[in-house]
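Welcome to a short tour of one protein model, with an eye on its charged pairs and its main pocket. Please have the sequence and the coordinates open as you read.

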Amino acid sequence: MSAAGRFTEDVMTAAMHQVAEEVGARAEDARLLRLTNNAVFALPAAGIVIRIARSHGLRDRVHKVVELGRWFGEIDAPTIRLAPDVAQPVRVGDLLASVWQYVPPTAPELTMEDLASALREFHSLNYPQSSLPIWDPVRDARSRIADGEELSDDDRRFLLDWCDYLDRPLATLQQRAALQLIHGDAYVGNLLRDKAGRVVLCDFDATSLGPWQVDLVAVAVGEVRFGRRGAHKALATAYGYDVTTDPNWPLLREARELKMIAAAVPILQSSPGARAEFSARLRSVRSGHRHARWQPFAQLSNAGKQSL
């Protein structure tokens with residue numbers, strides 16, 4: 001069966017119902033939030049969110065986020081919480097899922113100042129175990145490419161060559177940097193406000209040990225590629241650092257753009273709009289068009305909140 005056949009919305013929905021049954025939750029009001037590298041379902045009546053990995057190459061991340069979730073709860077980190085009294089991760093067939101407490105949307109609207117505050121607190125946490133991976137966007141991209149059976153030979157070759165090109169300079173950066181806990185995909189779409197009003201982070205698939213500057217790059221690149229005027233300046237001011245002045249900014253930007261393209265591989269088959277955008281992004285990178293405007297995949301497919 002193709003990658004698309006293994007991870008379609010129908011397959012993920014059936015798996016979600018199995019997970020819900022396994023944990024004793026009713027799923028009548030379940031709704032799909034995201035369908036990208038994970039299928040993410042909210043079950044508001046049960047008070048949970050189910051996240052199912054859609055890539056066998058990234059299943060190790062499910063164990064990692066569960067381990068992180070337990071630790072976040074122990075130290076009262078500015079993050080969402082695992083669902084209580086659930087043995088995790090939950091396995092259904094050859095799929096793995098994690099189950100989290102549901103946080104409903106709450107006013108007021110979240111801002112770059114909220115993101116800066118959450119990141120400063122997150123970056124101050126001292127993760128106590130050595131099992132957390134080192135930030136490695138090239139490895140992550142290769143994992144996604146490996147699952148992309150629908151990729152053309154030309155696109156696959158270009159992406160893998162790009163990975164090879166970035167491998168050495170990123171490894172050098174990792175060796176030089178003072179590594180600390182980083183979220184890995186920090187933007188306002190990965191923030192929630194809990195019922196007590198506290199701003200918390202979610203989605204820890206990319207959480208690792210790496211240079212803290214990584215967590216300021218998504219917003220800066222989003223401003224360039226999506227035309228989100230003022231967002232980067234607001235984050236830089238609130239956090240106290242402008243990552244575009246960092247000596248490693250060109251490399252950090254390129255690593256982010258590789259992620260923004262490779263991350264689309266799981267949804268190419270199911271969304272003609274996403275496939276067209278994927279091709280447009282590759283063309284702009286190949287031609288060296290550094291300011292070509294991209295469109296978020298969420299506007300082109302059923303990818304939910306995905307901002308890449």
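A residue counts as buried when its relative accessible area is under 20%, and as exposed when that area is over 50%. Keep that cut-off in mind for the charged residues below. The model is a predicted one, with a mean pLDDT of 91, and 93% of the residues reach 70 or more. Some care is due at residues 302–308, where pLDDT stays under 50; for this stretch the model has 36 contacts beyond four places in sequence.

**Charged pairs**

The structure holds 19 salt bridges. Three of them are set out here.

| Acid | Base | Closest N and O atoms |
|---|---|---|
| Asp203 | Arg34 | 3.2 Å |
| Asp203 | Arg51 | 3.2 Å |
| Asp114 | Arg193 | 3.5 Å |

Let us start with Asp203, which forms a salt bridge with Arg34. Asp203 sits in the loop between β8 (199–201) and β9 (208–210), while Arg34 belongs to strand β1 (residues 31–35), so this pair ties together parts that are 169 residues apart in sequence. Both Asp203 and Arg34 are buried. For Asp203 the relative accessibility is 13%, which is why Asp203 counts as buried.

Asp203 also forms a salt bridge with Arg51. Here the loop between β8 and β9 is linked to strand β3 (residues 48–53), which holds Arg51, and the two residues are 152 apart. Arg51 is buried too, because its relative accessible area is 10%.

The Asp114 and Arg193 pair likewise links distant parts of the chain: helix α4 (residues 112–123) carries Asp114 and strand β7 (residues 191–193) carries Arg193, 79 residues apart. With a relative accessible area of 17%, Asp114 is buried, and Arg193 is buried at 10%. Which residues do salt bridges with shared partners join into one network? They are Arg34, Arg51, Asp203 and Asp205.

**The largest pocket**

Asp205 brings us to the largest pocket, as Asp205 is among the residues nearest its centre, together with Arg61, Asp136, Asp140 and Ala206. In total, 34 residues line this pocket, and about 540 Å³ of space lies in it. The elements that give two or more residues to the lining are α3 (60–75), α5 (137–146), α7 (217–226) and α9 (249–262). Of these, α5 provides the largest share, 6 residues. By class, the lining of the largest pocket has 14 nonpolar, 7 polar and 13 charged residues.

Notes. Residues numbered from 1 in each chain as written. Predicted model: local features only at pLDDT ≥ 70, side-chain atom pairs only at ≥ 80, totals over all residues. Heavy atoms only, no water. 1 Å grid on protein atoms, 1.4 Å probe; cavity = no way out; pocket = protein on both sides within 12 Å on 5 of 7 lines; lining within 4 Å. Points joined across faces, edges and corners; volume = space filled by probe spheres on them. Helix = DSSP H or I, 4+ residues; strand = E, 2+ residues; numbered from the N terminus. Nonpolar A, V, L, I, M, F, W, Y, C, P; charged D, E, K, R; others polar. pLDDT = per-residue confidence, 0-100. Contact = heavy atoms within 4.5 Å. Salt bridge = Lys/Arg side-chain N within 4 Å of Asp/Glu carboxyl O. Buried < 20%, exposed > 50% of the residue type's maximum accessible area, 1.4 Å probe, protein only.
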